[in-house]
2 protein chains.
Amino acid sequence: MNKPSAPTPRTQVKRVAEYASYDTALLHAIVDSAYVCHIAFGDANGSHCIPTACWRIGDYLYIHGSNGSRMLKRLQEQECCVTITHVDGLVLARAAFNHSMNYRSAMIYGRFEAVDDAHKRVAMEAFMEHIVPGRQVEVRAGNDKEYNATTVMRIALAEAACKTRTGPPKDEDEDLGIAVWTGVLPLVTTRRAPVVEEGCTLAAPDYVKAWVG
Amino acid sequence: MNKPSAPTPRTQVKRVAEYASYDTALLHAIVDSAYVCHIAFGDANGSHCIPTACWRIGDYLYIHGSNGSRMLKRLQEQECCVTITHVDGLVLARAAFNHSMNYRSAMIYGRFEAVDDAHKRVAMEAFMEHIVPGRQVEVRAGNDKEYNATTVMRIALAEAACKTRTGPPKDEDEDLGIAVWTGVLPLVTTRRAPVVEEGCTLAAPDYVKAWVG
């Protein structure tokens, strides 16, 4: 089991440490709410920060890409940092410097490993199930050529830290008398009505009908 | 002027290069739509990917933090990569491997510079105006102690690349006969009703009333 039970030197949160958490359930929830993560790695040209689709199976975060991807090659040679951030709202305080944001973020450190051919298929099917549950059986599955051109990698959710902020603003006592509206302006990722491809006359399946509440 | 007019070796998009753009207006729009960016940098412990609030003034992207922030110290010593990603939808194709996402992303390479005291105040007020236009005059402005404890940094939007995908799925000709619903499931960041702080009995100002359409 890869449990982020205790901080390591890399995952010890120092800034606003009271927002830190090393709880596995929270980490999984933050990963599962994400369609993409950002990955930091380095090469001869310096540091790079690349967004890529991600999904979770058990205690691992998965990504995929072309065999030729620079990032996937470099990630097999070095440790990296994977970060997911959800912005949940703007926090309006009485003092300019006490304004903040509510958010949920996770940082994962470690090294990716490429998975073998058999697990690659299991992982890609889990990816589809994560993105659009129920669609797997309706589409043309990947063929050998497509799988052979694709690398699937995973990183253990073992060395990880979450940082979250929720709730109202926090002002200093001496500012509490300032007469200004205080509270939170919430932000949320929402679904909009499906856009059928031009020329597609098929009825929408249940998972498309259910996309918008 | 810092114009991302032509790709450099670091910003030359190689994967799905037809999605790349070096257009300044697009770059500005992607930055202006963001509340946070992710920054990749390195130190003795390896690569780090840190989310932080960002805003734009002219041809620069700004961030801020405590003087003691590890990231802000390291960013003054090295080049880094700043990335912003907006996920706009899930793209459902006929073949599993042709599924995709619609998105707008921007990557900026370069070195941050700390701004001087006078510009720090201008920049922080622009930040407030970006987050909640109109609120600046109602709150207690930052005092000398707060400003002295805060570092504001900016990076030129000069060496940058955008990558975007829009529109319907793209299937191979041989898959067009597969009878499955195709289209896009849109995702959008939306605003929810303001949550007033417990005990705040003041009327909401116009910019709070206008938060939700």
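How many bridges pair β6(A) with strand β7 (residues 100-110) of chain A, and in which sense? I began with this point and found 11 bridges in the antiparallel sense.

**Entry 1. Conventions.** I worked on a predicted model, in which local features need pLDDT of at least 70 and side-chain atom pairs count only at pLDDT 80 or more, while totals for chains, interfaces and linings use all residues. Residues are numbered from 1 along each chain as its sequence is written, chains are lettered from A and ligands numbered from 1 in the order in which they are written, and side-chain values use heavy atoms, with hydrogens and water left out.

**Entry 2. Chain A as a whole.** I counted five helices and 12 strands in chain A; these are DSSP runs, numbered from the N terminus, with helices being H or I of at least four residues and strands E of at least two. The C-alpha trace of chain A spans about 65 × 45 × 35 Å along its principal axes. Of the 213 residues in chain A, 52% are buried, that is, under 20% relative accessible area with a 1.4 Å probe, protein chains only. I noted an exposed area of about 9,500 Å² for chain A, with 52% of it from carbon and sulfur atoms; the areas come from the Shrake-Rupley method with a 1.4 Å probe. For contacts (heavy atoms within 4.5 Å) between residues of chain A at least 6 apart in sequence, 71% join residues at least 24 apart.

**Entry 3. Strand β6 of chain A.** I returned to β6(A), residues 80-92, and found 10 of its 13 residues buried. Strands pair here if DSSP finds at least two bridges between them. Within the pairing with β7(A), V91(A) stands opposite S100(A). β6(A) also pairs with strand β2 (residues 36-43) of chain A, antiparallel, over three bridges; A40(A) has C81(A) as its bridge partner. With strand β11 (residues 183-191) of chain A, β6(A) shares four bridges, again antiparallel, and L92(A) stands opposite G183(A).

**Entry 4. Strand β2 of chain B.** I then looked up β2(B), residues 36-43, where seven of the eight residues are buried. Eight bridges join β2(B) to strand β3 (residues 46-53) of chain B in the antiparallel sense, and the two form a hairpin with two residues between them. D43(B) is opposite G46(B) in this pair. β2(B) also pairs with β6(B), residues 80-92, over three antiparallel bridges, with H38(B) opposite T83(B).

**Entry 5. An open sheet in chain B.** I traced four strands in the order β4-β5-β9-β8 in chain B, paired antiparallel. Why does one side of β4 and of β8 lack a neighbour in the sheet? β4 (55-57) and β8 (113-114) stand at the edges with a single partner strand each, so one side of each is left without a neighbour. Inside this order, seven bridges join β5(B), residues 60-66, to β9(B), residues 150-156; G65(B) has T151(B) as its bridge partner.

**Entry 6. Nonpolar cores.** I took a core as a set of buried Ala, Val, Leu, Ile, Met, Phe, Trp, Tyr and Cys residues joined through side-chain atoms within 4.5 Å. The largest has 60 residues, and L61(A), I63(A), F112(A), L61(B), I63(B) and F112(B) touch the most other members. Leaving out residues up to four places away in sequence, I listed the residues that F112(B) touches, including I39(B), L75(B), V82(B), M153(B) and I155(B). A second, separate core of 27 residues includes L90(A), A96(A), M128(B) and V208(B).

Conventions: Buried means under 20% relative accessible area, exposed over 50%, partly exposed in between (1.4 Å probe, protein chains only).
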